[in-house]
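The following note is offered to a colleague who is beginning to read protein structures. Please keep the model in view while working through the numbered points.

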Amino acid sequence: MIYDASVDELLQQVWDGRRISSAEALRLYHLPLEELGALADRRRQLIKAAAYEGRGNEIVTYIVDRNVNYTNVCNVYCKFCAFYRVEGDDDAYVITHEEMDRKIEETIALGGTQILMQGGHHPKLSLQWYLDLLSHIKGKFPQINIHGFSPSEFIHFREVFNLPLEEIIGQFVKAGLGSIPGGGGEILVDRVRKRISPLKAMSDDWLSVMDVAHRSGLASTATMMFGHVETVEDRIEHLERVRTQQDKTKGFTAFISWTFQAEHTKLKAPTVGAHEYLKTQALSRIYLDNVPNIQSSWVTQGQEIGQIALKYGANDLGSIMIEENVVSQAGTTFRMGVTDMQRLIRDLGYEPHQRDNWYQLLN
Ligand code: SF4
């Protein structure tokens, strides 16, 4: 039975760093934004206190990496996506090794340590094509972490290659894969997924990839795209699924949420703004007591809200974003360099530090 604490008791429970139930999360969501933010900031301080040699609460991190979308051909047709093309479209593409080399060289020149490589679900690329791409990158740029392929891509690979997930992930790791991004999480509630992306991996499948990845030693992130057809209860269910998985396998390094960007997409849904973004992010910091890092999404919210989000539970500003092709197709085109990112962090009184994928400080 869920203990329904009085509001004061519930606030104390959050303040003390104790786990909250989904029913309690729903009650917290209805607090005024500033109150919820203060609680999330407290949880951030508690969770980061021991990190980085006791300086965790003073440090805000960022990573220098580049999004590389190896193909825009996709047969999943998510209604919220303005990025995909079908084979034969004039602007459909599959990346070449030479194009990949150029992108990575530019990334390294800017101090980058990683590529975040995801693609459409191309119906015809073979297992060997992916293995060749991974080993080409790793052979030429051993210092670069390949943070690649979302769970829904792995579910697609399982169908196309007709191999178990363990086998595919094992072969990818051998060829150079270093970690897995949490893309395609959207909302881990099948009723919602069936409305916005009926051909994509459903919730159990998405989580099963993370389960296999974590058990094979690969770290990953978890994400949530919200502010479309879901309810607040659905968002909390999503958080519950992530927290339960993390209790089992402990492989999520960070949680990143962002709001649906509607332009040029087929999804007819009311979008949400900064107020709801900050509330949801704050709630995620409180609820996900076993996920060490929360990234703010300046890419969808803009620099100012991305910065303010650091007072609403986030301890990381994500990537400087040398290249971004997906939300920019949906009308959102914020950009930021290292100097701006460091300034945003310093202006709030924190120390900016570049990090790697595993949140180790690089400077
Ligand atoms: S979101 Fe990803 S899976 Fe869905 S249509 Fe776009 S590229 Fe394809």
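1. Arg-158 has a relative accessible area of 28%, so this residue is classed as partly exposed. The model under discussion is a predicted one. The side chain of Arg-158 forms a salt bridge with that of Asp-205, with 3.4 Å from N to O. This pair connects distant parts of the chain, since Arg-158 belongs to helix α6 (residues 151-161) and Asp-205 to helix α9 (residues 203-215), 47 residues apart. Asp-205 is likewise partly exposed, at 27% relative accessibility.

2. Side chains of opposite charge can pair when their charged atoms come close. Across the whole structure, a search finds 19 salt bridges. A further pair consists of Lys-124 and Glu-87, whose side chains meet at 3.1 Å, N to O. Lys-124 is located in the loop between β3 (114-118) and α5 (127-140), and Glu-87 in the loop between β2 and α4, 37 residues apart. Is each partner buried, partly exposed or exposed? Lys-124 is exposed, because its relative accessibility is 60% and the class begins over 50%. Glu-87, at 41%, is partly exposed.

3. Asp-101 and Lys-140 also form a salt bridge through their side chains, at 3.0 Å from N to O. The two residues are 39 apart along the chain, with Asp-101 in helix α4 and Lys-140 in helix α5. Asp-101 is buried, because its relative accessible area of 9% falls under 20%. Lys-140, by contrast, is partly exposed at 45%.

4. Asp-41 deserves separate attention. Asp-41 lies in helix α3 (residues 33-48) and is buried, with 14% relative accessibility. Leaving aside residues up to four places away in sequence, Asp-41 touches Leu-310, Lys-311, Gly-313 and Tyr-350. Its C-alpha atom is 9.7 Å from that of Trp-15, a residue 26 positions away along the chain.

5. Which residues surround the ligand? They are Cys-74, Val-76, Tyr-77, Cys-78, Phe-80, Cys-81, Phe-83, Tyr-84, Gly-120, His-121 and Lys-200. By type, this shell contains eight nonpolar, two polar and one charged residue.

6. Tyr-77 appears again at the surface, where Tyr-77, Val-86 and Leu-199 make a nonpolar patch of about 270 Å². Val-86 is situated in the loop between β2 (65-69) and α4 (97-109). With a relative accessible area of 33%, Val-86 is partly exposed.

Conventions. Residues numbered from 1 in each chain as written. Predicted model: local features only at pLDDT ≥ 70, side-chain atom pairs only at ≥ 80, totals over all residues. Heavy atoms only, no water. Helix = DSSP H or I, 4+ residues; strand = E, 2+ residues; numbered from the N terminus. Buried < 20%, exposed > 50% of the residue type's maximum accessible area, 1.4 Å probe, protein only. Contact = heavy atoms within 4.5 Å. Near = heavy atom within 4 Å. Nonpolar A, V, L, I, M, F, W, Y, C, P; charged D, E, K, R; others polar. Patch = residues over 30% accessible without salt bridge, like charges linked within 9 Å, V, L, I, M, F, W, Y side chains within 5 Å. Areas by Shrake-Rupley, 256 points an atom, 1.4 Å probe, with all protein chains shown as cover. Salt bridge = Lys/Arg side-chain N within 4 Å of Asp/Glu carboxyl O.
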